[in-house]
Amino acid sequence: MKEETKFHLGEGIKLAIEAIKMLFYLNGAATISVITFIGNLKQLSENLVLAMQLFAIGAALSPVALALGYLSQLYFGTVQPAFDPKQNLLMARLIHYSIYGATICSWVLFLAGARYAAIGFGSLSY
């Protein structure tokens, strides 16, 4: 493998890690902000509670995606004749694509949580 290719692969992995961290921060901050507002309310909106739960689940998927990334790299690294290369490559690809699933779910949960929070805040009377 060329050095330039290795460099770009390494930078791509760094960017993916930062994107997953960003999803964690985004969902985590949204959870905290909804909790803050709920603590100051006289009445409780079910939509706000649902939004908080969606944000929390979205944040919880970020470490899952990072762990899956580690596992996929572990399997990609053992695609050698000493191991079972076909089995390890298949497993690495399955885990690799599951990272996309976890990341997309985290985004969808954030967007759904934002929608429920908007509905919840809109229905409150001050």
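**Figure 1. Surroundings of I38 in helix α1 of the predicted model**. I38 is a residue of helix α1. Once residues up to four places away in sequence are set aside, I38 touches L44, L48 and V49. N27 serves as a reference point: I38 and N27 are 11 residues apart in sequence, and their C-alpha atoms are 16 Å apart in space. I38 also belongs to the largest nonpolar core, the topic of the next view.

**Figure 2. The largest nonpolar core**. This core has 9 residues, namely A30, V34, I38, L48, A51, F55, F110, A117 and L124. At least two of its residues come from each of α1, α2 and α3. A second core, separate from this one, has 6 residues, among them I20, A65, I95 and A102. Within the largest core, A30 is in contact with F55 and F110, leaving aside neighbours of A30 within four places in sequence.

**Figure 3. A118 in helix α3 and its distance to A51**. A118 has its place in helix α3. With a relative accessible area of 43%, A118 is partly exposed; this value lies between the limits of 20% for buried and 50% for exposed, so the intermediate class applies. A118 and A51 are 67 residues apart in sequence, yet the C-alpha to C-alpha distance is 8.9 Å. A51 is one of the residues of the largest nonpolar core.

**Figure 4. The buried residue S62 in helix α2**. S62 lies in helix α2. Its relative accessible area is 3%, and since buried means under 20%, S62 is classed as buried. Not counting neighbours within four places in sequence, S62 is in contact with I20, L23, F24 and S106. Of these contacts, I20 is included in the second nonpolar core.

**Figure 5. The salt bridge between E11 and K14**. The structure holds 2 salt bridges, one of them formed by E11 and K14. The closest N and O atoms of this pair are 3.2 Å apart. E11 and K14 are 3 residues apart in helix α1, which means a separation of about one helical turn. E11 counts as partly exposed because its relative accessibility is 33%. Side chains of opposite charge can pair when their charged atoms come close.

**Figure 6. The salt bridge between K21 and E18**. The side chains of K21 and E18 meet in a salt bridge with an N to O distance of 3.3 Å. Helix α1 holds both K21 and E18, 3 residues apart, about one turn of the helix. K21 is partly exposed, with a relative accessible area of 32%. E18 is likewise partly exposed, with a relative accessible area of 45%.

**Figure 7. The largest pocket and its lining**. The largest pocket contains about 540 Å³ of space. Its lining consists of 19 residues, and G12, I13, A16, Q73 and H96 are those that lie nearest the pocket centre. α1 (3–39), α2 (46–77) and α3 (85–122) each supply at least two of the lining residues. The most is given by α1, with 8 residues. By class, the lining comprises 12 nonpolar and 7 polar residues, with no charged residues.

Note on methods:
Residues are numbered from 1 along each chain as its sequence is written. This is a predicted model: local features need pLDDT of at least 70, side-chain atom pairs count only at pLDDT 80 or more; totals for chains, interfaces and linings use all residues. Side-chain values use heavy atoms; hydrogens and water are left out. On a 1 Å grid over the protein atoms alone, a cavity is a set of points where a 1.4 Å probe fits but cannot get out, and a pocket is an open set with protein on both sides within 12 Å along at least five of seven lines; lining residues have an atom within 4 Å of a point. Grid points are joined across faces, edges and corners, and a volume is the space filled by probe spheres set on the points. Helices (H or I, at least four residues) and strands (E, at least two) are DSSP runs, numbered from the N terminus. Ala, Val, Leu, Ile, Met, Phe, Trp, Tyr, Cys and Pro count as nonpolar, Asp, Glu, Lys and Arg as charged, and the others, Gly among them, as polar. A nonpolar core is a set of buried Ala, Val, Leu, Ile, Met, Phe, Trp, Tyr and Cys residues joined through side-chain atoms within 4.5 Å. Buried means under 20% relative accessible area, exposed over 50%, partly exposed in between (1.4 Å probe, protein chains only). Contact means heavy atoms within 4.5 Å. A salt bridge is a side-chain nitrogen of Lys or Arg within 4 Å of a carboxyl oxygen of Asp or Glu.
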